[in-house]
Every structure is written in structure tokens, then in C-alpha cells.
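Please prepare a briefing on the structure shown below, grouped by topic and written for a structural biologist.

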2 protein chains.
Amino acid sequence: MPKSKRLMELMMTVNRKRRFKVQELADEFGVSKRTILRDLQELSELGVPLYSEVGPHGGYQVVRERVLPPIAFTEEEAVAMFFAVHALRHYSSLPFEAESASALSKFYLHMPGDVRDRIDGMKHRVDFVTPTRRGDAPCLSVLLDAAVKQRVLLIEYESKDEEESRRRIQPVCLYAHNGFWYCNAYCFLREGFRVFRCDRIRRAEPDADAKPLDLGDVRLSRRFAAEPREPVRLRAELSRAGVQRCEGELWLAPLLRVREDGSGLIDGGVPRGELPFFAEFFIGLGSEARLIEPAELKTEIRRRLAEMLERYA
Amino acid sequence: MPKSKRLMELMMTVNRKRRFKVQELADEFGVSKRTILRDLQELSELGVPLYSEVGPHGGYQVVRERVLPPIAFTEEEAVAMFFAVHALRHYSSLPFEAESASALSKFYLHMPGDVRDRIDGMKHRVDFVTPTRRGDAPCLSVLLDAAVKQRVLLIEYESKDEEESRRRIQPVCLYAHNGFWYCNAYCFLREGFRVFRCDRIRRAEPDADAKPLDLGDVRLSRRFAAEPREPVRLRAELSRAGVQRCEGELWLAPLLRVREDGSGLIDGGVPRGELPFFAEFFIGLGSEARLIEPAELKTEIRRRLAEMLERYA
DNA sequence: ATAATGGTGACAGAACATGTCATCAACCCA
DNA sequence: TGGGTTGATGACATGTTCTGTCACCATTAT
């Protein structure tokens with residue numbers, strides 16, 4: 001086998017088995033220990049973070065992150081990666097922030113000057129508008145990791161009404177909406193699914209003792225929702241423009257039905273406690289929505305409208 | 001020079017000068033033509049898209065995109081790239097869509113199985129909510145390109161009121177907001193800066209004849225705005241919650257002032273034609289905003305509130 | 001102490017890369 | 001048409017690099 005190919009395969013092998021001995025690889029590749037040693041040194045020079053210990057039970061290790069074999073990207077692909085990461089820059093906290101930065105700087109370093117200019121030019125010409133929020137969400141990575149691996153976390157949460165509580169949760173998924181990060185999770189304290197705002201989670205750490213539930217295929221599906229307490233049936237007709245505005249609201253998705261002609265309707269149970277919120281929401285929709293029930297929501301809306309009329313008198 | 005190094009340098013050289021002859025490179029690297037030919041063949045096999053023509057004035061070319069020298073990424077960096085691109089998936093049209101996809105598939109191919117699993121797991125666990133809109137914006141790449149290079153485009157635009165028009169524009173910047181793409185541009189027809197919704201731009205092609213203006217440092221700055229026709233002074237007080245909601249609205253940014261305590265005010269000129277829109281907006285803000293002037297906006301708001309009261313009676 | 005492990009240097013021989021040459025095939029231009 | 005330019009390919013001797021072997025050192029767990 002030519003040396004170049006061997007180096008590639010060596011890199012892959014080394015990444016697969018994170019610990020190994022020189023003799024092992026020598027046998028595997030059918031070359032001498034000496035050659036493997038020389039190869040490993042070259043890999044080191046190429047950036048693979050190798051670490052070795054002598055003595056019995058010693059051996060080589062790939063330290064920290066494993067490395068992918070070198071990949072040749074086209075300039076356009078590199079630009080696309082810049083674009084994608086650039087698009088997210090308004091999110092104050094993101095998982096993988098450091099990693100994106102280091103990946104981009106690798107691209108940047110290997111790029112000829114004119115492509116750099118192109119990218120620098122683009123940075124000022126394109127943007128994704130997202131409301132910038134003050135709140136940092138320091139625990140995002142922990143939450144995401146727990147969601148992927150389905151582990152239980154012990155968190156300190158400061159809820160809307162500023163009560164602080166400690167509870168065990170098992171994250172299901174994370175989503176960013178309107179500048180905030182939210183986490184859908186099973187809450188062992190409330191014994192049901194709840195949504196947490198990530199910037200209100202002060203601390204989060206894995207709870208190794210707690211047994212995770214089998215949440216099977218509960219995932220990102222938007223139909224995921226807590227069973228409301230004291231449910232009230234909400235029904236409303238939406239014009240086409242009304243549908244468009246409602247489609248942007250994640251929490252509304254389970255209730256929303258869109259007809260072929262673009263109009264639609266809202267139908268489903270909502271917790272009675274949320275009625276004030278819905279009042280505001282329907283006022284915002286103006287004449288794009290026609291509320292059918294519940295009557296008490298109509299009353300609330302009338303009350304607010306009257307109040308506003310007075311303010312604007 | 002060892003062969004491996006020579007191949008690297010050859011790749012860079014070949015990328016710099018997009019057209020070259022074998023003899024040139026042979027002289028430059030101090031090896032024979034035969035060797036260069038063999039090397040070029042290897043580069044080809046490594047994925048560099050080379051194309052050659054025989055005969056006088058023939059020679060080699062790097063076809064289509066140029067290729068970066070192979071870069072070794074860590075697994076975490078690859079995952080970060082997946083994350084960034086995944087975040088954008090709800091945008092139905094994006095510049096560099098194809099390129100992102102091909103870059104990701106390169107990462108994916110070179111990844112050991114467990115990382116693939118991790119990424120596949122993550123895909124269902126994290127999301128960025130953006131309203132999905134129906135309208136495609138087929139011309140995004142052209143617009144972005146024109147913005148970066150400051151070229152004039154000839155576009156067919158279908159404005160709100162469904163009039164179709166052809167006009168020359170010089171794009172300044174692009175931004176995505178709330179699921180739609182917008183393009184700030186100087187409009188030669190209206191002789192001023194205008195904002196175009198990209199999905200309403202049916203066609204766009206470079207107009208080589210037209211002389212671009214020197215728009216110098218007009219860039220993404222949010223303060224960029226057309227001088228309103230028939231300006232009317234708009235003033236309003238905002239509570240803290242009101243400020244938070246207004247911060248999400250790009251078009252409002254030039255008028256918005258935030259105080260230290262989190263409250264704020266809106267102050268500035270707006271076109272009279274936009275008043276109906278503002279009426280709706282202020283109704284949506286409910287009691288989080290207190291409108292000071294203009295009086296005619298107050299009247300309009302009262303009218304709408306009364307109308308809604310009637311609807312909800 | 002002993003054995004297991006990594007690390008280094010020297011050197012002959014094996015494997016590979018290179019240069020030279022010959023030949024062919026397109027293609028342009030006069 | 002013919003001569004010049006350029007790429008493409010094969011053969012082979014030669015030169016360079018890579019590899020295996022061996023000898024030896026250093027470190028450390030048992």
C-alpha cells in the first residue's frame with residue numbers, strides 16, 4: 001500500500017479505537033513497528049492530537065476531540081458554511097459556538113485572499129433579523145446533550161413569577177423562537193410535560209441516579225403539548241392573512257387547521273389560565289380572526305377593547 | 001521536496017492561476033513535465049476538478065469551483081456545521097443551498113458511524129422556529145451577488161397592490177425577517193432607496209449597461225431608511241414589555257429609543273400612507289404603549305377599536 | 001529485577017517516484 | 001496540407017524515499 005493511503009487509513013483507524021498500541025497497528029497494517037511510529041509522528045504534525053505513555057498499560061491515545069480525515073471543500077462550500085454560521089450570529093447563546101468559530105477560522109486560513117474579500121463583503125450585505133434578547137442561556141449545551149442522550153437533569157429554574165425552584169427534568173427537545181430558547185421536557189416535579197425558557201434555567205447538571213423515562217418517540221413534533229388543566233374549548237375562524245400570522249406561532253400549531261383556499265380555523269382545548277394571553281393575541285389579529293367560543297374570552301376581549309378605547313379617548 | 005508536500009503546493013498553485021500549462025508548472029517546481037502530469041492526475045483523483053484541452057492555446061483549467069486544500073476538522077467542528085445549517089432549514093429559499101448540502105454530505109461521508117448517530121439524534125431534538133412562508137424567492141443569489149459586487153439589476157417586481165413593474169435597482173443589502181426575505185436597494189425608477197420583498201421579484205438579471213452609483217458605505221446599518229414622503233411625526237411611550245416587543249421589528253429600529261430602566265419611546269417621521277399599518281401595530285401593543293401623536297392615528301385606532309367592539313358584541 | 005511499552009539512530013535493501021525518450025492524438029494557423 | 005503546440009501514455013533505467021531490522025535508551029507497573 002502506498003504511504004499516502006496508509007496514512008489516511010491510519011487516521012481513520014486511530015480515530016475509531018481511541019486507545020491503541022504500536023504493535024497492534026503494525027500487525028493490522030502489515031508493516032513494522034518502526035514504520036507505524038514514523039507514521040504516527042507525521043499524523044501528529046498534521047494536527048491529530050496524539051498523546052503517548054510509556055510503560056506497561058501505556059500506549060497511544062487520541063486526546064480530546066477526534067479528528068476527521070482531511071476533506072477538500074470547494075470555495076463555494078466554504079462560503080456556504082460562513083453564510084450559515086453568520087446567519088446565527090444574533091443568537092447570544094448557541095450550542096457549539098466555539099466549535100463553529102474554530103471551524104470557520106480553519107476555512108478562513110486556507111482560503112485565497114479573494115475569497116476572504118468576498119466573504120467580508122458579504123458579511124455586511126446580508127442578515128437574519130432576530131430580536132436580540134438580553135438573557136443568556138448558559139445551559140444550552142447541557143440541555144441539548146441531555147435531550148439527545150435522554151438523561152435526567154437537576155435544574156434550578158426561576159419561573160415567570162420569580163419563584164425559584166429545583167426540579168428534575170428529562171429534556172425532549174430544544175427550540176429557538178423569537179430570540180428565546182425554550183426546552184420541552186418531562187418534569188418530574190409536576191409529573192407532566194412542561195416548557196421551560198432556557199435563560200431562566202440558572203443551573204443544570206446531570207443527575208446520574210435518576211432513572212430516565214422511556215419517552216420513545218416523543219420528539220420535536222409540534223403536536224407535542226401538555227394536557228391543559230381546566231381545558232376550555234377555543235374556536236375561531238381565520239382569514240388568509242390571519243392564517244399567515246398564526247403560522248409563525250409554534251404554540252398555536254396543534255390547534256391550527258388550514259383550508260385549501262388559505263383560510264383556516266383554530267380549534268382545541270386551552271388552559272383557562274391562558275385566556276388573558278389569548279385575549280391579547282386575538283386583539284392583535286384584529287379583523288383577521290372571528291372568535292366563536294368561549295364566551296368568556298369574548299367578554300375579556302370586549303373589556304380590554306373598552307379599556308383601550310378609554311385610553312385613546 | 002517530498003511528493004506529498006509538492007502535491008499540496010501544486011494544489012494551491014493550481015487554484016491561484018486558474019489556467020496553466022504543464023511546462024509552466026514543471027519549471028516552477030523544478031521537476032519534469034512527466035511528473036507534473038502524473039501529479040495532476042493524482043489531484044484529479046483527489047477531487048480537484050481539472051479539465052484539459054490539447055492543441056495550441058490549450059492547457060489545463062480548474063473547472064467550476066476552485067478547491068481548498070484538504071483541511072482536517074474535529075468532530076465537534078463538523079457537528080457545529082451541521083447544527084448551523086440545520087438551523088436554517090425552515091427557510092424555503094436560501095443562497096448557497098446546494099453548496100451547504102454538498103458540504104454537509106462531505107462531512108457526513110467522512111464521519112465515523114457514532115457521530116452520524118449523534119447528528120441524526122440531534123436533528124429531531126433541536127429546532128429554530130421560523131414561520132414557513134409559501135413564497136419562494138428564486139432570485140436571492142443574484143440579488144446577493146449584485147449587493148456584494150454593487151451591480152445594477154433589471155427586475156420584474158410585483159408590488160403589494162399586484163401591479164407589475166420593471167425597474168433597475170442597485171441592491172444594498174438583504175435580510176430575512178419573519179420568514180420573508182427583503183432587499184434594500186436604490187431604485188432608479190423612483191430615484192431613492194426602497195425595500196423590496198424578494199419573493200415578489202419575479203426575475204432579476206444583471207444590467208451590464210447601467211452605471212452603478214457609488215453607494216459607498218451604505219450597508220446593513222439599520223438606520224438606513226428611505227426619506228418618507230409626507231412625513232408625520234409619530235411619538236409614543238413604551239413600557240418595558242412594549243420595548244421588548246418592538247425590538248423584534250427591524251423597521252422600527254430607527255425610531256426606537258430605549259431608556260436605562262428598560263422602558264422606551266418611539267419618535268420619528270413616518271409616511272402618512274403607513275398610518276393604517278401603525279394603527280394595527282399599536283392595537284397589538286395594547287396597554288404597553290401610550291401614543292402621544294399624531295392625533296389622526298389616535299382617531300384611526302379609536303375607529304378600529306370601535307369596529308372590533310362591534311364585531312365582538 | 002523484569003517485562004512492557006514508547007522513542008531514536010543507523011543502514012541496507014525494497015519500493016516507489018522521477019526523468020528521458022518515443023509515440024500518439026488533437027488542434028490551430030499559415 | 002504540414003508544422004508547431006499542447007496533452008496523454010507507456011517503457012525503462014536511475015535516483016530518491018520509505019521500510020524493516022537491529023541495537024539501544026528511557027520510563028514505569030508489577
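**DNA contacts and one sheet**

H3(B) gives the most to the surface near DNA strand C, with 3 residues, where near means that a heavy atom of the residue lies within 4 Å of the strand, and where helices (H or I, at least four residues) and strands (E, at least two) are DSSP runs numbered from the N terminus. This is a predicted model, in which local features need pLDDT of at least 70 and side-chain atom pairs count only at pLDDT 80 or more, while totals for chains, interfaces and linings use all residues. Residues are numbered from 1 along each chain as its sequence is written, chains are lettered from A and ligands numbered from 1 in the order in which they are written, and side-chain values use heavy atoms, with hydrogens and water left out.

**Surroundings of DNA strand C**

- DNA strand C is surrounded by 22 residues, and the closest are Ser52(A), Tyr60(A), Arg6(B), Ser32(B) and Thr35(B).
- Of the atoms of DNA strand C that come within 4 Å of the protein, 62% belong to sugar and phosphate.

**Polar contacts (pairs of N or O atoms within 3.5 Å)**

- Phosphate oxygens of DNA strand C lie 2.7 Å from a polar side-chain atom of Ser52(A) and 3.2 Å from a backbone N or O atom of Val22(A).
- In the side chain of Arg38(B), an N or O atom is 3.0 Å from a base nitrogen of DNA strand C.

**Sheet in chain A**

- An open sheet of 4 strands in chain A has the order S11-S12-S10-S13, with antiparallel pairing, where two strands pair if DSSP finds at least two bridges between them.
- The edge strands, each pairing on one side only, are S11 (256-258) and S13 (289-293) of chain A.
- S11(A) pairs with strand S12 (residues 264-271) of chain A over 3 bridges in the antiparallel sense.

Methods: A polar contact is a pair of N or O atoms within 3.5 Å; within protein, one must be able to donate a hydrogen and the other to accept it, and residues adjacent in sequence count only if both atoms are side-chain atoms.
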